[in-house]
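Student: I should like to go through the strand pairing of this model with you. Please justify each term as we proceed.

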Amino acid sequence: MTEAVPLCRLEEIEDGEGKGFVLGSGTARRELFVLREGRRLWGYVNACPHAGTPLDWRPDRFLDAAGDHILCATHGALFEIESGLCIAGPCKGDSLTPLPVALDEEDRVWLLEQPSEGGSKGVSSS
Ligand code: FES
């Protein structure tokens, strides 16, 4: 069980988009991203199930042009925002690794459980 980690304030995540984060460094480095729709949030490990590369095609850009799906920058796989399920592309049927995120009463965004093989200490936005 890991401690909850504060990631950022809600307004730092563009509504209808997302924000990437890096936890730790070296072998403990883990990348994740949080998507926002109003006050709803979804967190995922920033690694495509196809080849393991980060999904963002530009910093903090994770969605397709319509804003309906998560888009992998490497080979164009599309994932459902709410489930992380790949619905098109080379890893169709696979899923992103979800991470529990939450918003508190002061509009701070928290990562409730760190990605496995963590052990990181610091948090910085990417
Ligand atoms: S690495 Fe994401 S579709 Fe190939």
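**Strand pairing in two sheets**

Tutor: Three strands form an open sheet in the order S1-S10-S9, with antiparallel pairing. The model is predicted, so local features need pLDDT of at least 70 and side-chain atom pairs count only at pLDDT 80 or more, whereas totals for chains, interfaces and linings use all residues. Residues are numbered from 1 along each chain as its sequence is written.

Student: What makes S1 and S9 the edge strands?

Tutor: Strand S1 (5–9) and strand S9 (101–103) each pair on one side only. The twist in this sheet averages 30° from one strand to the next.

Student: Why are S9 and S10 called paired strands?

Tutor: Strands are DSSP runs of E with at least two residues, numbered from the N terminus. Two strands pair if DSSP finds at least two bridges between them. S9 and strand S10 (residues 108–111) run antiparallel and are joined by 3 bridges, so the criterion of at least two is met. Within S10, Leu-111 is the bridge partner of Val-101.

Student: Which strands form the sheet that contains S6?

Tutor: That open sheet has 3 strands in the order S5-S6-S7, and the pairing is antiparallel. Its edge strands, S5 (69–71) and S7 (86–88), each pair on one side only. Here the twist averages 40° from one strand to the next; angles run from 0 to 180 degrees between N-to-C directions, with axes as lines fitted to C-alpha atoms.

Student: How do you know that S5 and S6 pair?

Tutor: S5 and strand S6 (residues 78–80) share 3 bridges in the antiparallel sense, so they satisfy the pairing rule. Leu-71 stands opposite Leu-78 in S6.

Technical notes. Helix = DSSP H or I, 4+ residues; strand = E, 2+ residues; numbered from the N terminus.
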